[in-house]
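Open your viewer, switch to a cartoon view and get ready to click along. We will go from stop to stop, and at each one you will hear what to select and what is there.

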Amino acid sequence: MQQTHLRRVPVLTTVETRVGVPTQQPDGAFTLHQRKRQRKRQRKRILIAVTCGLLCCLPMSSTYSSPLVKVTFSGDNGQLSPYYGEIANDLNYAAADWEKLFVSGSAATLNVDVIFDNSPTANSSSLFATPLYSLGSWSVFQQGAVDVALDGIHNPSGPYDAAIHVGTSYLTNELWFDPNPENTDSVPVNKTDAESVFIHEFGHIFGFQGYRDQSTGALWSNAESTFDVLMSFLNNAPYFTGSDAESVYGGPVPLTVGNIYHVGNPSGPGADLEAYPGDLMNGNVFYRGTRYIISPIDAAIFTDLGLTTEVPEPGTIGIFSVSLIGFWLMRRWSP
Ligand SMILES: [Zn+2]
C-alpha cells in the first residue's frame, strides 16, 4: 500500500498465497465489550511487560513470546529492534481479536515470522495448509494457522506457522503503535494504525486466502481453500457465497476485482463495503487516523469457513476512531 500523508491510503496488499462501518456510538453491549477487551488487554500487557522486562536483562533476542504469538524478526540485522516489542504486542492483540471468535479456545501459540523488506505495505500468509476433504479429484484445504489455533498442530515443514512481511519504510514512516492499546486512543490523522493492519493480516492468515488467480479467478490446480469453495463469479465479478455471510450482507458478498481475497469495490458491486472508512477486509484502501475492527460480515465469512459459531451483533462491533471527511475526496490507490 502506497502511503501519502492526509490521503486515503491503500489497503494492505497481501501475498494471498497459494495456498482492510461507520463510527458507532457505543451502546450497552458495545461498552461491555470494550470493558471485557480492556480487562483482557490489561492482563496481557502485564504478561508482555514481564517478558519485555526479562528481555532487557538478557542478550538481545529477535524472538518475542506472548500468549498467542511467538514472533521472530528477520531481514533487518537487528536495526529495527526498537520496534520489536510494539509489533509483537499488536500482533498478539490482532490474533486475539480473531481467535476469540473461534469455535474453541487457543490450542497453541502461533509461530510468526516477521520479515522486514522493501514491501510497500504489509502482506501475509499461513505457511502451511491441511486437507479437510475431497470432492472427486478436488481437495479442499484449511489454512494451517487455524490448525495451530484450534488443535495445536504446527507447521510440519518449518519453524514458522505464518509469515508477515512488513515494508521497512512503511513501518518507520507510516505505522502508528498505540502506546495505550488497552483504551481507544484516537489514531493520529497522519498515521495508519498498526493494530488495524495486523488484524487485517490475520484475516488472511486464518481465512482470506486461496488458490485462485487474482485476476481471472481460475484455480491453479485441483486444490481449493475453504474460501475458494465459497467463491463464485457473476458477470466476471467475484462473490463470496457462504450462507452466513449472505445472510448478514443480504446476498452474495462482492469481492474485490483483481484482489479477490478481500471484500468490496470502489464502485459497482460492493461499493458499500468501501464507503468510508470501509470494511476491515476491503481490498482497496485503509484510511489514516482510523481504527478498524472485525465487521459482522468478516465474522460471518469466518463462520462460513467453519471457524466461528456466532456472528456478533452489529451493535457490538464496528469501526470507530477518527472520521476525516476530507479523506473522502483524496486520491484513491489503485492496486
Ligand atoms: Zn489484504
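Which strand is the place of tyrosine 133? Select tyrosine 133 and you will find yourself in strand β6. Keep in mind during the whole tour that this is a predicted model.

**Stop 1: a patch on the surface**

Stay with tyrosine 133 and ask whether this residue is buried or exposed. The answer lies in between: tyrosine 133 is partly exposed, because its relative accessible area is 38%, while buried means under 20% and exposed over 50%. Now show its surroundings. Beyond the neighbours within four places in sequence, tyrosine 133 is in contact with Trp138, Ser139, Val140 and Val229. Try a distance too: from the C-alpha atom of tyrosine 133 to that of threonine 226 you should get 10.0 Å, although the two are 93 residues apart along the chain.

Next, add Leu132, Leu135 and Trp138 to your selection. Together with Tyr133, they form a nonpolar patch on the surface, with about 370 Å² of accessible area. Strand β6, residues 129–135, gives the largest share of this patch, three residues. Leucine 135 lies in that strand and is partly exposed, with a relative accessible area of 46%.

**Stop 2: the zinc ion**

Which protein atoms are the donors of the zinc ion? Select His200, His204 and His262: each gives its NE2 atom, at 2.0 to 2.1 Å from the zinc. Along the chain, the donors have the spacing H-x3-H-x57-H. Histidine 200 and histidine 262 link distant parts of the chain, being 62 residues apart. Colour helix α5 (residues 194–206) to see where histidine 200 sits, then the loop between β14 (253–254) and β15 (285–287) for histidine 262. Both of these histidines are buried.

While you are in that loop between β14 and β15, look for proline 277. The peptide bond leading to proline 277 from tyrosine 276 is cis, with omega near 0°.

**Stop 3: into the core**

Now hide the surface and select Trp98, Phe202 and Phe206. These have the most contacts inside the largest nonpolar core, which has 68 residues. Helix α2, residues 81–99, supplies the largest share of this core, with eight residues. Zoom in on phenylalanine 206: among the residues it touches, leaving out those up to four places away in sequence, are Trp98, Phe102, Leu110, Val146, Phe302 and Leu307.

**Stop 4: a covered helix**

How many of the nine residues of helix α8 are buried? Select residues 296–304 to check: nine of nine are buried, including Pro296, Ile301, Phe302 and Asp304. The elements covering these buried residues include α2, α5, α6 (226–229), β13 (237–240), α7 (243–249) and β14. After α8, click on glycine 306, where phi is positive, near 85°.

**Stop 5: two asparagines**

Finish with two residues in loops. Asparagine 77 is in the loop between β3 (69–74) and α2, and asparagine 235 is in the loop between β12 (231–234) and β13. Asparagine 77 has a phi near 55°, a positive value in a residue other than glycine. Asparagine 235 also has a positive phi, near 55°. Are they buried or exposed? Asparagine 77 is exposed because its relative accessible area is 78%, and asparagine 235 is exposed with 79%.

Key:
Residues are numbered from 1 along each chain as its sequence is written. This is a predicted model: local features need pLDDT of at least 70, side-chain atom pairs count only at pLDDT 80 or more; totals for chains, interfaces and linings use all residues. Side-chain values use heavy atoms; hydrogens and water are left out. Donors are N, O and S atoms within 2.8 Å of the metal (3.2 Å for Na, K and Ca); water is not among the atoms, so sites may look incomplete. Helices (H or I, at least four residues) and strands (E, at least two) are DSSP runs, numbered from the N terminus. Buried means under 20% relative accessible area, exposed over 50%, partly exposed in between (1.4 Å probe, protein chains only). Patches are made of residues with over 30% relative accessible area and no salt bridge: like charges are joined within 9 Å, nonpolar side chains (Val, Leu, Ile, Met, Phe, Trp, Tyr) within 5 Å. Accessible areas come from the Shrake-Rupley method with a 1.4 Å probe; for residues, only the protein chains shown count as cover. A salt bridge is a side-chain nitrogen of Lys or Arg within 4 Å of a carboxyl oxygen of Asp or Glu. A nonpolar core is a set of buried Ala, Val, Leu, Ile, Met, Phe, Trp, Tyr and Cys residues joined through side-chain atoms within 4.5 Å. Contact means heavy atoms within 4.5 Å.
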